[in-house]
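Work through the exercises below with the model open beside you. Try each task before you read its solution.

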Amino acid sequence: MKLLISLVLVITATLRVNADWWQSGNFYQIYPRSFRDSDGDGIGDLNGVTEKLQYLKDVGFTAAWLSPIFKSPMADFGYDISDFYKIHPEYGTLEDFENMIKKAKEVGIKIILDFVPNHTSDENEWFKKSVDGDPKYKDYYIWHNGVIDPTTGQRKPPSNWLSAFRYSAWEWNDVRQQYYLHQFAIKQPDLNYRNPAVVEEMKNVMRFWLAKGISGFRIDACPFLFEVELDRNGLYADEPPVTSGCPDPDDYCHLQHIYTNDRPETFDMIYQWRELAESFKKENGSDTKILLTEAYTSFENMMKFYGDGTRKGSYVPFNFDFMGNVNKDSKAVDVVQNVNKWLNAMPKGKDFYPNWVLGNHDNKRLASRFGVERADLLNILLQTLPGNAVTYNGEELAMTDVFISWDQTVDPQACNANPNNFNDYSRDPARTPFQWDASPNAGFTEGSETWLPVAQDYKTKNVLMQERAPHSHLQIFKKLIRLRKEPSMQDINNLSIKAVDNVVIYSRYTQNSDRYVIILNFGKTDQSIDISAHFPTVRRVEVITTSIQSNYNDGEVIDATKFVAKGQVGTVVVQI
Ligand SMILES: *[C@@H]1O[C@H](CO)[C@@H](O)[C@H](O)[C@H]1NC(C)=O
Ligand SMILES: CC(=O)N[C@H]1CO[C@H](CO)[C@@H](O)[C@@H]1O
Ligand SMILES: [Ca+2]
Ligand SMILES: [Ca+2]
């Protein structure tokens with residue numbers, strides 16, 4: 001009888017943790033240009049990534065998604081693709097790519113590629129042929145004659161639409177004698193998703209890379225996929241200006257992007273890509289191929305990326321709502337409110353998982369935005385909330401932004417600004433070389449030059465040092481990832497999260513497993529908290545992990561009624 005009961009327990013426990021590979025996983029964003037340079041030219045590459053896959057496995061990540069690695073003139077660091085089927089030469093060859101996949105399989109890390117569907121480079125063959133009016137390609141992009149200004153008699157762009165990187169979104173092409181649309185840089189013409197041949201072409205790109213053994217895509221800039229259709233007179237409607245806050249008429253923020261963003265057709269496209277991923281899996285008996293979607297859009301739209309009730313969409317619609325709303329001034333109540341906001345709104349069911357993200361290559365680094373003191377606290381939050389977590393490379397070490405002078409600035413978004421304000425726009429500070437060790441150039445390269453300067457603090461902040469130190473950001477991070485594999489941490493239901501003054505407190509628990517309690521003090525002053533007042537069974541706890549500057553040590557046993565949450569410190573404890 002006793003044996004039978006334990007057998008049943010074992011079976012139910014196995015069922016519960018028998019999640020698909022991506023569920024409750026931790027995704028690591030690699031910015032390949034800055035991760036590891038294998039050949040000394042100062043630019044990160046695929047062989048560099050291959051070398052470091054074991055590191056990802058050791059830390060405990062599930063999957064790595066690589067920012068674009070395809071052939072590109074690098075006007076927007078790889079987001080301008082001139083051949084979707086080739087690897088960018090600075091990053092390596094197709095053979096290097098295949099080696100990387102092979103190694104990733106050996107090590108046990110899934111690889112996810114960046115899919116950039118909205119635009120190509122103007123150096124892409126498709127665009128060149130479109131310029132030349134080649135019948136197959138002539139409608140691959142969005143072309144327009146422009147309009148004649150009634151007062152001046154001069155030709156001008158078809159509409160007032162602006163590029164996300166400033167100035168008109170329309171560029172005149174002398175050969176074709178028409179304007180083309182570019183929602184990003186001039187060198188990034190928008191594809192025409194109203195042309196079924198384009199839709200099919202891009203699906204073939206996806207199938208090609210899936211067949212190479214990757215486990216899915218992270219899809220770039222989704223809200224920009226579709227624009228409004230031409231009106232009855234063959235014109236595109238102007239977008240209305242904002243009523244306040246952005247007086248500069250050349251700046252993207254000057255307009256309300258009602259005709260160029262979040263068009264309803266976008267969701268259908270995402271759902272079609274989901275169908276593609278599912279049918280690939282079914283037909284080829286492969287692992288689940290997942291989609292992660294990038295969309296800075298309304299909360300309501302983010303939910304639609306999951307699906308519409310009938311059709312499914314993204315597996316991981318990046319939770320930028322959280323990233324946008326939680327900042328250095330956030331109070332415990334704000335954090336709780338934003339966690340609940342997502343959990344309550346997202347679709348329910350076994351295939352839907354929440355996700356938490358606080359950084360990527362387009363934003364200032366987490367430790368710079370919130371302060372290094374709070375880096376552990378935030379990592380603890382991200383790694384102990386239910387669902388998927390996304391980590392931008394370097395956040396596990398609490399890397400910070402690096403000031404890059406105007407002369408050294410290379411990000412087009414900053415170069416289009418001016419010497420006085422470029423730093424507000426620049427994404428370079430969060431893209432500096434990864435800090436591996438204390439050797440020259442942080443062990444990023446054996447060469448003497450690096451494409452962006454290495455942070456000055458690399459001698460004291462690097463992987464090797466943090467691996468050797470008994471208590472470091474990286475050690476804390478590793479403990480958190482190990483913890484995520486516990487059954488209690490995989491149950492995504494019934495999170496009861498509360499704010500008690502400056503402290504956020506919640507528990508992760510599932511039947512017949514350990515109960516973990518997470519206590520995060522977002523304030524600066526210490527606060528005593530009686531854990532048993534919130535979780536009555538919890539009388540005594542043991543510290544699993546806690547911020548570097550904590551008043552407690554890992555393994556310390558504490559009376560739960562007298563817990564002291566130090567300011568800016570996060571702690572995970574287990575009930576004993
Ligand atoms: C199955 O894989 C092959 C290549 O390995 C690919 O060409 C085919 O499109 C896949 N099936 C589906 C339905 O995507
Ligand atoms: C986070 C992210 O990937 N942002 C990208 C969105 O798309 C534009 C254009 O492709 C890129 O410049 C951004 O880096
Ligand atoms: Ca290199
Ligand atoms: Ca578009």
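## Exercise 1: the largest cavity

The largest cavity is lined by Gln29, Trp65, Arg218, Glu294, Phe318, Phe320, Val357, Gly359, Asn360, His361 and Val390. A cavity is a set of points, on a 1 Å grid over the protein atoms alone, where a 1.4 Å probe fits but cannot get out; lining residues have an atom within 4 Å of a point.

The model is predicted: local features need pLDDT of at least 70, side-chain atom pairs count only at pLDDT 80 or more, and totals for chains, interfaces and linings use all residues. Residues are numbered from 1 along each chain as its sequence is written, chains are lettered from A and ligands numbered from 1 in the order in which they are written, and side-chain values use heavy atoms, with hydrogens and water left out.

**Task.** Sort the lining of the largest cavity into nonpolar, polar and charged residues.

**Solution.**
- Step 1. Fix the classes: Ala, Val, Leu, Ile, Met, Phe, Trp, Tyr, Cys and Pro are nonpolar, Asp, Glu, Lys and Arg are charged, and the others, Gly among them, are polar.
- Step 2. Count: the lining of the largest cavity has five nonpolar, four polar and two charged residues.
- Step 3. Add the volume, which is about 50 Å³ for the largest cavity. A volume is the space filled by probe spheres set on the grid points, which are joined across faces, edges and corners.

## Exercise 2: the second largest cavity

**Task.** Which helix and which strand each supply at least two residues of the lining of the second largest cavity?

**Solution.**
- Step 1. Find the lining. Among its residues are Asn379, Leu382, Gln383, Val390, Thr391 and Tyr392.
- Step 2. Match these to elements. Helices (H or I, at least four residues) and strands (E, at least two) are DSSP runs, numbered from the N terminus. Helix H11 (375-384) and strand S15 (388-392) each supply at least two lining residues.
- Step 3. Class the lining: six nonpolar, four polar and one charged.
- Step 4. Note the size. The second largest cavity holds about 50 Å³ of space. The model has three cavities of 30 Å³ or more.

## Exercise 3: two calcium ions

**Task.** Which residues are the protein donors of the calcium ion (ligand 3), and which coordinate the calcium ion (ligand 4)?

**Solution.**
- Step 1. Set the cut-off. Donors are N, O and S atoms within 2.8 Å of the metal (3.2 Å for Na, K and Ca); water is not among the atoms, so sites may look incomplete.
- Step 2. Take ligand 3. Its protein donors are Asp37 (OD), Asp39 (OD), Asp41 (OD), Ile43 (O) and Asp45 (OD), at 2.3 to 2.4 Å. Along the chain their spacing is D-x1-D-x1-D-x1-I-x1-D.
- Step 3. Take ligand 4. Asn118 (OD1), Asp190 (OD), Phe224 (O), Leu225 (O) and Glu227 (OE) coordinate this calcium ion at 2.3 to 3.0 Å. The spacing here is N-x71-D-x33-F-L-x1-E.
- Step 4. Check accessibility. Buried means under 20% relative accessible area, exposed over 50%, and partly exposed in between (1.4 Å probe, protein chains only). Asp39 is exposed at 52%, and Asp41 is partly exposed at 38%. Phe224 is buried at 12%, and Leu225 is buried at 0%.

## Exercise 4: ligands 1 and 2

**Task.** How many residues surround ligand 2, and which are the closest?

**Solution.**
- Step 1. Use the rule: a residue is near a molecule if one of its heavy atoms lies within 4 Å of it.
- Step 2. Count. Ligand 2 has 14 residues around it, and the closest are Asp76, Arg218, Asp220, Glu294 and Asp362.
- Step 3. List polar contacts (pairs of N or O atoms within 3.5 Å). A polar side-chain atom of Glu294 is 2.9 Å from a nitrogen atom of ligand 2. For Arg427, the partner is an oxygen atom of ligand 2, at 3.1 Å.
- Step 4. Turn to ligand 1. Arg207, Ala211, Ser279, Phe280, Glu283 and Asn284 surround it. A polar side-chain atom of Asn284 lies 2.5 Å from an oxygen atom of ligand 1.

## Exercise 5: positive phi

**Task.** Where is serine 24 placed?

**Solution.**
- Step 1. Recall the rule. Most residues other than glycine have a negative phi.
- Step 2. Read the angle. Serine 24 has a positive phi of about 60°, though not a glycine.
- Step 3. Place serine 24: in the loop between helix H1 (2-17) and strand S1 (26-30). Serine 24 is buried, at 9% relative accessible area.

Technical notes:
1 Å grid on protein atoms, 1.4 Å probe; cavity = no way out; pocket = protein on both sides within 12 Å on 5 of 7 lines; lining within 4 Å. Polar contact = N/O pair within 3.5 Å; in protein donor to acceptor, adjacent residues only side chain to side chain.
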